[in-house]
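Reader: I am new to reading protein structures, and I would like to learn how the labels are justified. Could we go through some together?

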Amino acid sequence: MSRVCYLGLIFAFLSGCLPPAESLRDPTNGPPEADQTAATQMLFPRTLAARHLTNLVQVHDNVISGGLPEGEPAFTELTQLGIKTIISVDSARPDVATARKHGLKYVHLPHGYDGISSDRVVQLAKAVRELDGPIYIHCHHGKHRSPAAASVACVAAGLLPTNQAVAVLQLAGTSPNYRGLFEAAARVQPIDLTVLDGLIVEFPETSSVPPMAEAMVALDRTHEHLLQLAKAGWKSIPEHPDLFPVHEALILQEHFSELWRMDDCRRALPDFARLLQDSESLACELKGELSKVAGSDPAAETRAMLDAMASKISLNCNLCHQKFRDSPRRAK
């Protein structure tokens, strides 16, 4: 049990809200008991503060949801939280090497924004029940896929009441546009523990991801870089000296071009093709305008024009996500 949760239980006990802490069974040692479930309902979900990890939500004493751990400080913070296992539900390849340096086990169980398949729910439930904990479940930002995964895992494994699953997403700030994720949390039910314990499940460090999903991960990362540069007035950012506006716009254009070369995209619906081609043209135009002011401090009028171009690309991305990525799995 983490120090934070232990102090919380002591406080609740002194307030007369809970039985003695020693009567609460460790979830890793066996099935949840009635008193443990009651305690879980009182204490979780709740947010946690962190310096190097984003959007931390504690779903259970043994499970925390959050954003991608990037760099040594983030992994150090995970060890300070007592984390033993990291589960990534993001499509990007996990940083297994850094995790190993810190004595952490990585498991890669990616899922989309459109919901969580029944097979993945079983894997996640088995993971939070059997792997060394505490367990940290993350996606990229820690706002959408990871709280959904953490909630369905804990409900399915009997660690969280069903009526608390949606509350996890609400606390994490999951967008209501991700209807498939909310449906997954609303529909999940506990799995018979004798059945769950009898299942054989593999927990890979890295999982193969479809080429289009990998391309989207890279595109999203570059898009985020451009938004950071826009926020900084299209100038270099001291904390990210490796980011150059013209270069990032060029890379974004190339991402759109590469997507268009993929068979899946060439066979795509007309609306998808239109959004993709429009975004590619906008990225090319943005690159050209940024080239004119490279190395200088753009005037307010120029910044407004560049911001408008970037906003159009973001709008296209959002429209594409809503129509082709985020709709519930059952609707596809």
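Reader: What span does helix α13 reach from its first C-alpha to its last, and what span is expected?

Author: Good place to start, and keep in mind that this is a predicted model. Helix α13 covers residues 270-292 and has 23 residues. The expected span is 1.5 Å times one less than that number of residues, which gives 33 Å for α13. The model's α13 reaches 34 Å, close to the expected value.

Reader: Which residues in α13 are buried?

Author: Among them are Phe272, Leu275, Leu276, Leu282, Ala283 and Leu286. Ser279 and Glu289 are buried as well.

Reader: Why is Gln253 called buried?

Author: The cut-off for buried is under 20% relative accessible area. Gln253 has 13% relative accessibility, so Gln253 counts as buried. You will find Gln253 in helix α11, residues 245-261.

Reader: What is Gln253 in contact with, beyond its neighbours within four places in sequence?

Author: Gln253 is in contact with Glu280, Ala283, Cys284 and Lys287.

Reader: What makes the pairing of the Gln253 and Lys287 side chains a polar contact?

Author: A polar contact needs a pair of N or O atoms within 3.5 Å, one able to donate a hydrogen and the other to accept it. The side chains of Gln253 and Lys287 make such a contact at 3.2 Å, so the distance fits the cut-off.

Reader: Is Cys284 buried, exposed or partly exposed, and why?

Author: Buried is under 20% and exposed is over 50%, with partly exposed in between. Cys284 has 35% relative accessibility, so Cys284 counts as partly exposed. Cys154, with a relative accessible area of 0%, is therefore buried.

Reader: How many disulfides does a search of the whole structure find?

Author: Zero. A disulfide would need a pair of cysteine sulfur atoms within 2.5 Å.

Reader: What makes a group of residues a nonpolar core?

Author: The residues must be buried, come from a set such as Ala, Val, Leu and Ile, and be joined through side-chain atoms within 4.5 Å. The largest core here has 43 residues, and Val128 is one of those with the most contacts inside it. Helix α6 gives the most to this core, with eight residues. A second, separate core of 25 residues includes Phe256, Leu275, Ala283 and Cys320.

Reader: What does Val128 touch, not counting residues up to four places away in sequence?

Author: Val128 touches Asn62, Val63, Ile135, Ile137, Ala153, Ala157 and Leu159.

Terms used:
Residues are numbered from 1 along each chain as its sequence is written. This is a predicted model: local features need pLDDT of at least 70, side-chain atom pairs count only at pLDDT 80 or more; totals for chains, interfaces and linings use all residues. Side-chain values use heavy atoms; hydrogens and water are left out. Helices (H or I, at least four residues) and strands (E, at least two) are DSSP runs, numbered from the N terminus. Buried means under 20% relative accessible area, exposed over 50%, partly exposed in between (1.4 Å probe, protein chains only). Contact means heavy atoms within 4.5 Å.
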